[in-house]
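Q: Please take a close look at one part of this model, the loop position that you judge best worth following, and then set it in the context of the whole. A single connected account would be preferred.

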Amino acid sequence: RCGFVAIVGRPNVGKSTLLNHILGQKLSITSRKPQTTRHQVLGIKTDGPVQAIYVDTPGMHEEEPRALNRYMNRAASSALVDVDVVVFVVDQLAWTPADELVLDKLSRVRCPVILAVNKVDKLANREQLLPHIEMLSKKREFAEIIPLSALKETNLAPLEAAVGRFL
Ligand code: GDP
Ligand code: MG
């Protein structure tokens with residue numbers, strides 16, 4: 001099985017850190033999926049029979065929301081249309097209007113969205129996370145909500161397993 005995974009989120013939530021720690025190193029592009037030409041392939045992680053192709057979604061990472069709007073509005077060519085699963089990264093307890101904006105853009109996305117609650121290593125008390133996760137879980141139907149630390153590589157395996165289930 002192989003499929004496309006988009007990592008999205010506002011700036012500074014740890015997307016690049018997460019990707020780097022998942023990939024370990026960038027591998028060469030071996031995918032023959034036609035969508036590859038429409039995405040910027042950032043890296044490929046092969047795990048047994050499962051191959052996850054991590055792609056960039058133009059506009060999604062930009063501060064300028066109009067860039068994303070323009071992108072999403074291009075009929076039938078939204079990067080997220082060709083994506084099999086989205087990993088939406090947020091920064092532990094910090095929910096901001098910029099996160100809300102990304103969430104709003106994702107409302108048009110029909111593929112599974114996994115919420116990665118990153119930087120949990122910064123929490124003095126992990127129980128603080130429970131009411132916050134409950135709040136987040138009401139924002140949309142997430143396929144999974146996974147607290148993790150990209151930096152400390154905590155809970156990356158459950159994230160990768162969840163991604164693999166949707167490929
Ligand atoms: P991006 O803009 O979403 O790609 O975010 P980056 O990956 O560039 O990370 C932004 C900052 O957050 C950097 O200083 C990272 O070292 C830090 N960061 C990323 N992940 C974690 C994490 O799990 N824990 C902590 N404490 N810091 C993190
Ligand atoms: Mg980045």
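A: A residue is called buried under 20% relative accessible area, exposed over 50% and partly exposed in between, with a 1.4 Å probe and protein chains only. Because Lys119 has a relative accessibility of 18%, this residue counts as buried. The model is a predicted one, in which local features need pLDDT of at least 70 and side-chain atom pairs count only at pLDDT 80 or more, while totals for chains, interfaces and linings use all residues. Residues are numbered from 1 along each chain as its sequence is written, chains are lettered from A and ligands numbered from 1 in the order in which they are written, and side-chain values use heavy atoms, with hydrogens and water left out.

Lys119 is placed in the loop that joins β5 to α4; helices (H or I, at least four residues) and strands (E, at least two) are DSSP runs numbered from the N terminus. Its side chain comes to 2.8 Å from the backbone oxygen of Asn12, a polar contact being a pair of N or O atoms within 3.5 Å, where within protein one must be able to donate a hydrogen and the other to accept it, and residues adjacent in sequence count only if both atoms are side-chain atoms. Setting aside residues up to four places away in sequence, Lys119 is in contact (heavy atoms within 4.5 Å) with Asn12, Val13, Gly14, Asp91, Gln92, Leu148 and Ser149.

Asn12 leads from this loop to the ligand. A polar backbone atom of Asn12 is 2.7 Å from an oxygen atom of ligand 1, and for Gly14 the corresponding backbone distance to a ligand oxygen is 3.0 Å. Thr17 takes part through its side chain, a polar atom of which lies 2.6 Å from an oxygen of ligand 1. The protein buries 72% of the 570 Å² that ligand 1 exposes when taken alone, these areas coming from the Shrake-Rupley method with a 1.4 Å probe; for residues, only the protein chains shown count as cover. Fifteen residues surround ligand 1, of which Asn12, Lys15, Ser16, Thr17 and Asp121 come nearest; a residue belongs to this shell if one of its heavy atoms lies within 4 Å. Helix α1 (residues 15–23) gives three residues to the shell, the most of any element.

The surrounding fold has five helices and six strands, ordered β-α-β-β-α-β-α-β-α-β-α along the sequence. Of its 167 residues, 49% count as buried. Its largest nonpolar core (buried Ala, Val, Leu, Ile, Met, Phe, Trp, Tyr and Cys residues joined through side-chain atoms within 4.5 Å) holds 25 residues, and Val86, Phe88 and Leu106 touch the most other members. Both elements that flank the loop of Lys119, β5 (113–118) and α4 (129–137), are among those that give two or more residues to this core. Apart from neighbours within four places in sequence, the contacts of Phe88 include Val113, Ile114, Leu115 and Ala116. A second, separate core of 24 residues includes Ile22, Val87, Ile114 and Leu156.

Leu156 is also one of the buried residues of helix α5 (residues 156–165), together with Leu159, Ala162, Val163 and Gly164. These buried residues pack against β1, α1, β3, β4, β5 and β6 (144–147), a list that holds both β5 and the helix α1.
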